[in-house]
Amino acid sequence: SMRKSAGPGRCSPDIFVDGHPWMTVGRQQMEELENFFNGQNIKAIEVYEGDLPKPLAFSSQCGVIVIWTK
């Protein structure tokens with residue numbers, strides 16, 4: 001979870017893989033994401049919190065995690 005851009009509290013960030021949205025984040029989807037990747041096939045990870053500047057393609061009110069694969 002990440003801090004909300006407006007107001008107190010936390011929210012679930014949006015996740016993108018190679019520029020494409022991943023499923024809505026929930027416990028089951030996070031487990032699928034963990035099973036889908038291993039350290040060998042990840043090239044880079046970008047994290048954008050709340051309202052901090054981020055590429056327009058990754059717009060989100062909560063935050064964004066972008067995973068790039070090899």
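## Exercises on a predicted fold

Strands S3 and S4 pair in the antiparallel sense, over two bridges. The model is a predicted one, and the exercises below start from this strand pair.

**Exercise 1. Determine which residues of S3 stand opposite residues of S4, and describe the connection between these two strands.**

Step 1. Begin with the ladder. Val 17 stands opposite His 20 in S4, and Phe 16 stands opposite Pro 21 in S4.

Step 2. Turn to the connection. S3 and S4 form a hairpin with two residues between them. Asp 18 is found in the loop between S3 and S4.

Step 3. Examine the backbone of the turn. Most residues other than glycine have a negative phi. Asp 18 departs from this: its phi is positive, about 50 degrees, although Asp 18 is not a glycine.

Step 4. Classify the exposure of Asp 18. Its relative accessibility is 31%, and buried requires under 20% while exposed requires over 50%, so Asp 18 counts as partly exposed.

**Exercise 2. Place S3 in its sheet and state the sense of its pairing with S6.**

Step 1. List the elements. The protein chain has one helix and six strands, which follow one another from the N terminus as β-β-β-β-α-β-β.

Step 2. Order the sheet. Four strands form an open sheet, in the order S4-S3-S6-S5, with mixed pairing. Its edge strands are S4 (20–21) and S5, each of which pairs on one side only.

Step 3. Assign the sense. Strands of a sheet pair through backbone hydrogen bonds, either parallel or antiparallel. S3 and S6 pair in the parallel sense over four bridges, whereas S3 and S4 are antiparallel.

Step 4. Locate one residue in both pairings. Val 17 stands opposite Ile 67 in S6 and opposite His 20 in S4.

**Exercise 3. Identify the largest nonpolar core and trace the contacts of Ile 67.**

Step 1. Name the members. The largest nonpolar core has six residues in all: Ile 15, Val 17, Trp 22, Leu 33, Phe 37 and Ile 67.

Step 2. Follow Ile 67. Leaving aside residues up to four places away in sequence, Ile 67 touches Ile 15, Phe 16, Val 17, Asp 18, Leu 33, Phe 37, Ile 42, Ala 44 and Ile 45.

Step 3. Look for a further core. A second, separate core holds five residues, including Phe 16, Tyr 48, Val 64 and Val 66.

Step 4. Set this against the whole chain. Of the 70 residues of the protein chain, 27% count as buried. Among contacts with a separation of 6 or more, 50% join residues 24 or more positions apart. The protein chain exposes about 5,000 Å², of which carbon and sulfur atoms supply 53%.

**Exercise 4. Classify the ring pair of Phe 58 and Trp 68 and the exposure of each partner.**

Step 1. Choose the descriptors. A pair of aromatic rings is described by the distance of the centres and the angle of the planes.

Step 2. Apply them. The structure holds two aromatic pairs. In the pair of Phe 58 and Trp 68 the ring centres lie 6.4 Å apart and the planes stand at 70 degrees; planes over 60 degrees apart count as edge-to-face, so this pair is edge-to-face.

Step 3. Locate the partners. The pair links distant parts of the chain: Phe 58 lies in the loop between S5 and S6, and Trp 68 in strand S6, ten residues apart.

Step 4. Compare accessibility. Phe 58 has a relative accessible area of 6% and is therefore buried. Trp 68, with 27%, is partly exposed.

Step 5. Extend the pair. Ring pairs link Phe 16, Phe 58 and Trp 68 into a cluster.

**Exercise 5. Characterise the disulfide of Cys 11 and Cys 62, then describe the setting of Pro 13.**

Step 1. Count and identify. The structure holds one disulfide. The sulfur atoms of Cys 11 and Cys 62 are 2.0 Å apart.

Step 2. Assign the hand. The angle about the S-S bond is 100 degrees, and the link of Cys 11 and Cys 62 is right-handed.

Step 3. Locate the ends. Cys 11 is in strand S2 (residues 10–11), while Cys 62 is in the loop between S5 (42–49) and S6 (63–69), 51 residues apart. Both Cys 11 and Cys 62 are buried.

Step 4. Move to the loop between S2 and S3 (14–17), where Pro 13 has its place. Pro 13 has a relative accessible area of 8%, which means that Pro 13 is buried. The C-alpha atoms of Pro 13 and Tyr 48 are separated by 8.9 Å, with the two residues 35 residues apart along the chain.

Conventions:
Residues are numbered from 1 along each chain as its sequence is written. This is a predicted model: local features need pLDDT of at least 70, side-chain atom pairs count only at pLDDT 80 or more; totals for chains, interfaces and linings use all residues. Side-chain values use heavy atoms; hydrogens and water are left out. A disulfide is a pair of cysteine sulfur atoms within 2.5 Å. Buried means under 20% relative accessible area, exposed over 50%, partly exposed in between (1.4 Å probe, protein chains only). Rings of Phe, Tyr and Trp (its six-membered ring) pair if their centres lie within 6.5 Å; planes under 30 degrees apart count as stacked, over 60 as edge-to-face and the rest as tilted. A nonpolar core is a set of buried Ala, Val, Leu, Ile, Met, Phe, Trp, Tyr and Cys residues joined through side-chain atoms within 4.5 Å. Contact means heavy atoms within 4.5 Å. Accessible areas come from the Shrake-Rupley method with a 1.4 Å probe; for residues, only the protein chains shown count as cover. Two strands pair if DSSP finds at least two bridges between them.
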